[in-house]
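Biologist: I am new to this structure and would like to go through it one question at a time. Please give the cut-offs for each term as it comes up.

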Amino acid sequence: MGQHRREKKHLSLASIEKSRGRLLGLQGIILYNAVELSSRLIVSFVALAWLLPVGALIMVALVVPYLVASMIINAGVAKIAKPIDEDFRELYRYRTVRMEGAWRVIVACMTGKEISHMDDQFEEILQRDRKFWFRYIDQTTLRDFLAIFAYAGIVGYALYQVYTGDTQTGLTVGLLIPI
């Protein structure tokens, strides 16, 4: 009820149902996927720390920057994408209002002007949206390349250990790479 009072001009049955569906989907992801993923990561890290403590330190040194980069990228998404999303929603509401009262626009001979105005707004918002997502893709690609190089470094370390004769460490690291 409080949400209805606060946002009565933005609420409709369709938006409430859409929000409800998103909430249920998010709950499903959190309850089923996040618990399983977290438990796998914890078990893998404990196994790595038990078998090869140095490997666990290397893993922490590689995972922490990756997570920090992910948080920075996601903060940018929350900061930059929110106004873009709000503008898209505002344009959608404007179009919905115009479509509901289309006869007024037609009678006033403003059809061409309205369409041109909405197209211009859409194009401006879309340009900002594209610019943002291209930047996001560039940032995540750089982060992922760093992760690939880190993985290659781990594989190289395991191969070096086997090559120099320290097969126990090399095989341990080699067996833990898929984890």
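**Overall make-up**

Biologist: Of the contacts in the chain with a separation of 6 or more, what share comes from residues 24 or more positions apart?

Modeller: This is a predicted model, in which local features need pLDDT of at least 70 and side-chain atom pairs count only at pLDDT 80 or more, while totals for chains, interfaces and linings use all residues. Residues are numbered from 1 along each chain as its sequence is written, and side-chain values use heavy atoms, with hydrogens and water left out. A contact means heavy atoms within 4.5 Å. Among contacts with a separation of 6 or more, the share from residues 24 or more positions apart is 59%.

Biologist: In what order do the elements of the chain run?

Modeller: Helices (H or I, at least four residues) and strands (E, at least two) are DSSP runs, numbered from the N terminus. The chain has six helices and zero strands. From the N terminus on, the order is α-α-α-α-α-α.

Biologist: What percentage of the residues of the chain count as buried?

Modeller: Buried means under 20% relative accessible area, exposed over 50%, and partly exposed in between (1.4 Å probe, protein chains only). The chain has 179 residues, and the buried portion is 17%.

Biologist: How much of the accessible surface belongs to carbon and sulfur atoms?

Modeller: Accessible areas come from the Shrake-Rupley method with a 1.4 Å probe, and for residues only the protein chains shown count as cover. The accessible surface of the chain comes to about 14000 Å², and the part belonging to carbon and sulfur atoms is 68%.

**Nonpolar side chains**

Biologist: Which helices each supply at least two residues of the largest nonpolar core?

Modeller: A nonpolar core is a set of buried Ala, Val, Leu, Ile, Met, Phe, Trp, Tyr and Cys residues joined through side-chain atoms within 4.5 Å. The largest one has six residues: Ala 81, Ile 84, Leu 91, Met 118, Ile 125 and Phe 132. The helices that each give at least two of them are helix 3 and helix 5.

Biologist: Which residues does Leu 91 touch, not counting those up to four places away in sequence?

Modeller: Leu 91 belongs to the largest nonpolar core, as do Met 118 and Ile 125. With residues up to four places away left out, Leu 91 touches Met 118, Gln 121, Phe 122 and Ile 125.

Biologist: Which element gives the largest share of the nonpolar surface patch?

Modeller: Patches are made of residues with over 30% relative accessible area and no salt bridge; like charges are joined within 9 Å, and nonpolar side chains (Val, Leu, Ile, Met, Phe, Trp, Tyr) within 5 Å. Here Ile 42, Phe 45, Val 46, Val 60, Val 64, Val 68, Met 71 and Ile 72 make a nonpolar patch of about 720 Å². Helix 2 (13-51) and helix 3 (53-100) are the elements that give two or more residues to it. The largest share, five residues, comes from helix 3.

**Charged side chains**

Biologist: How many salt bridges does the structure hold?

Modeller: A salt bridge is a side-chain nitrogen of Lys or Arg within 4 Å of a carboxyl oxygen of Asp or Glu. One of them joins Arg 89 and Asp 85 at 2.9 Å, N to O; both lie in helix 3, four residues apart, about one turn of the helix. Asp 87, Glu 124 and Arg 128 are linked in a network of salt bridges. The number of salt bridges in the structure is seven.

Biologist: What N to O distance does the salt bridge of Arg 95 and Asp 119 have?

Modeller: Arg 95 is partly exposed at 30% relative accessibility, and Asp 119 is partly exposed at 42%. The side chains of Arg 95 and Asp 119 meet in a salt bridge at an N to O distance of 4.0 Å.

Biologist: Which side chain of opposite charge is nearest to Asp 129?

Modeller: Lys and Arg count as positive and Asp and Glu as negative, while His and the chain ends are not counted. Asp 129 sits in helix 5 (residues 111-163) and touches Ile 84 and Phe 88, leaving out residues up to four places away in sequence. Asp 129 is buried yet has no salt bridge. At 7.1 Å, the nearest side chain of opposite charge is Arg 130.

Biologist: With which residue does Arg 130 meet in a salt bridge?

Modeller: Arg 130 is partly exposed, with a relative accessible area of 38%. At 3.9 Å, N to O, its side chain meets that of Glu 123.
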